[in-house]
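User: I'm new to reading structures and would like to learn by example. Could you walk me through this one, a feature at a time?

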There are 2 protein chains.
Amino acid sequence: MQLDERKMKILQAIIRNYLETGEPVGSRTISKYTDLNLSSATIRNEMADLEELGYILQPHTSAGRIPSDKGYRLYVDKMMEDKEREIDEMKEMLLEKEDKMEHLLKQVAKVLAVNTNYATMITTPQIHHNKLKFIQLSRVDANQILAVIVVEGNVIKNTMLSVNEELDEETLLKLNILLNTHLNGLSLEEINLGMISAMKQQAGIHSDIVGDVIDAVAEAIKADEDLEIYTSGTNNILKYPELADKQKASELINTFEEKKLLTELVQDSLSEENGTGIQVYIGDETPVQSMKDCSVVTATYELEEGMKGTIGIIGPKRMDYDKVVGTLKTLMHQLDDLYKK
Amino acid sequence: MQLDERKMKILQAIIRNYLETGEPVGSRTISKYTDLNLSSATIRNEMADLEELGYILQPHTSAGRIPSDKGYRLYVDKMMEDKEREIDEMKEMLLEKEDKMEHLLKQVAKVLAVNTNYATMITTPQIHHNKLKFIQLSRVDANQILAVIVVEGNVIKNTMLSVNEELDEETLLKLNILLNTHLNGLSLEEINLGMISAMKQQAGIHSDIVGDVIDAVAEAIKADEDLEIYTSGTNNILKYPELADKQKASELINTFEEKKLLTELVQDSLSEENGTGIQVYIGDETPVQSMKDCSVVTATYELEEGMKGTIGIIGPKRMDYDKVVGTLKTLMHQLDDLYKK
DNA sequence: TGTTAGCACTCAACCTTTAGGAGTGCTAAC
DNA sequence: GTTAGCACTCCTAAAGGTTGAGTGCTAACA
């Protein structure tokens, strides 16, 4: 059996309708809803075919049909081919320029949640292949030294080091010069043991400080652990009966709170890069267990070469894919624009 | 009418029982449950009195009784007089010493949530009357300057400043000395306009940098905005039927996600300091609207003179106050111990 | 051959009724 | 002051009945 034009239209009508109402869709509804001018009986025949093809399901005999994961997938694929959405009120809201990245991201998550009525998440941009830009040691106390490490992208890391011997300003200056001349501009891979031991030798009795600083540098460059995830609109989950089941909702809410559980999603969506930057996971396709009754749409944004972050929208399978994808695309562009200023 | 010994015992029995079961408690249950050896009829009489006194309620005729807010309040007050609870497994879990404060606090919230089955929150310690300890300006780029500001308690703040003119190392050194000699050891109140203009005058053409740095210092010392709140176990809310109502649960979950909404609670519990460090809010007593069907227990912890934070447990009114208060007390002591090392 | 009207059938959803039980208030007796 | 007993209330769960949306199938039609 083939999926001809008409079946496609009917499937689309079923999905659209189901997205709106959340109820199984019957043949009579479709017969009126579409401009095909077919009777409900004909629709019934077609629906039987669509079911056999696996695009729709019946929750029980004598209920209407609902889209299967396969059906959603087809719909989404079809839909993703087109449109660049009109710019909505988000623009204004975002352009109340926040100076702090953290605030901006939280704001984005919130705006998205309010706009879409789904749960949302956003990560801080991940910086890969980081290079060290600058190191500064300063004496704060008699026996405390502050190490400030700046890496590319102006990410700053502070570490307090305790020292036994008291260091005078001159020694500190020497150490600063030593560290900066050796390490600046290098990435994690480029700093090798040979260099380290050479530096330690030059540092003489202060070699342990050099060791501590290098540890801190490694930590700063790695930056993996710096992945912060902000969420918003978790409570929207309860708005969708199919997710509001106590057990499931509880797991989902937990996933959103224990943000670690979301990292898998982030990893996956970054790796499955497909050009558009937008990924759609329907039901079981998701890498996160607790979301297997949901659909997830993720977008990868990029502020600067190599600074990538992920935005995600999590909702029921009958998510308004159309709107969500459009919104995400708009948002990506706006983040782009925003950063260029 | 008076609240005599026997009424007190009966009230206590009702509350205990209700805490366990979550169901209204009948007279027959109490008659068997207590060691008073009274018939259900007598209990009924006493219960009628207790109701008149406002300590218990009937959800409807011919249902058992449940404690009113006033009843809970009495119970809690009574209970708070005693006990120092045995140390439980929490000790081990916490003593897997986390080096980072942030991780430690998240861990605490989680342990608490798992242990109590309620929703929990914890704030970073708030530092009041902060004093500036150290300022360091360093040139990172041709036209970017990094200002590192360390305040008492070793809280560090970084700010990037853009400059038009290029600054040589010598000028920078002078500015550093200027700033440190004038500002070190001062609190927000002690930095006045006179000092600022004097410094600007000395800085000559670089007065705008001084201005920027002072702004950053003000920001760093204020520290109010640094109040981070971590939550855990939000999903526990759904475990209690009286809170799991869609509407209410949704608002609650939102409160936990939009952590700003929790600050009122923190403020209030810090201000209502009553010596023990523990506060109990029952129903309407809470300062947070969305929690008026809950009970909230907060504890104030103090790491160092002036570094106070708040821990909160949010659950149904039929919360196991006994256990919660005990747990919080233990926890406070352990945080104390932990910090001393 | 594709489309349609019609009909019998199914089944969740909703309502009503019923019975049962938990709990109460009141009264009268101890 | 305490208790047994009884009539009463009202929630709950189960059982039965009705409704209506939706189906599959068949037969007729263009």
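User: How many nonpolar, polar and charged residues does the surface near DNA strand C have?

Analyst: Start with the classes: Ala, Val, Leu, Ile, Met, Phe, Trp, Tyr, Cys and Pro count as nonpolar, Asp, Glu, Lys and Arg as charged, and the others, Gly among them, as polar. "Near" says that a residue's C-beta atom, placed from the backbone, lies within 6 Å of the strand. Here the surface near DNA strand C has 11 polar, six nonpolar and three charged residues. Keep in mind that this is a predicted model, where local features need pLDDT of at least 70, side-chain atom pairs count only at pLDDT 80 or more, and totals for chains, interfaces and linings use all residues. Residues are numbered from 1 along each chain as its sequence is written, while chains are lettered from A and ligands numbered from 1 in the order in which they are written.

User: Which residues are the closest to DNA strand C?

Analyst: Out of 20 residues around the strand, the closest are A:S39, A:T42, A:S62, B:G26 and B:S27. Two or more residues each come from α3 (40-53) of chain A, and from α2 (27-33) and α3 (40-53) of chain B. The largest share, four residues, belongs to α3(B). Those labels are DSSP runs numbered from the N terminus: helices (H or I) have at least four residues, strands (E) at least two.

User: How many residues of chain B are in contact with chain A?

Analyst: Contact asks for C-beta atoms, placed from the backbone, within 7 Å of each other. By that rule, 24 residues of chain B meet 24 residues of chain A. On the chain B side, α10(B) gives the largest share, six residues. By class, that side has 11 nonpolar, 10 polar and three charged residues.

User: And sheets? What is the strand order in chain B?

Analyst: Strands of a sheet pair through backbone hydrogen bonds, either parallel or antiparallel. We call two strands paired if DSSP finds at least two bridges between them. Chain B has an open, antiparallel sheet of three strands, ordered β5-β6-β7. Its β5 and β7 are at the edges with a single partner strand each, so one side of each has no neighbour in the sheet. β6(B) and β7(B) pair over eight bridges, and B:Q144 has B:S162 in β7(B) as its bridge partner.

User: What is the strand order in chain A?

Analyst: Chain A also has three strands in an open sheet, in the order β5-β6-β7 with antiparallel pairing. Between β6 (144-151) and β7 of chain A there are eight bridges. One pair to look for is A:I145 with A:L161 in β7(A).

Notes
Contact = placed C-beta atoms within 7 Å.
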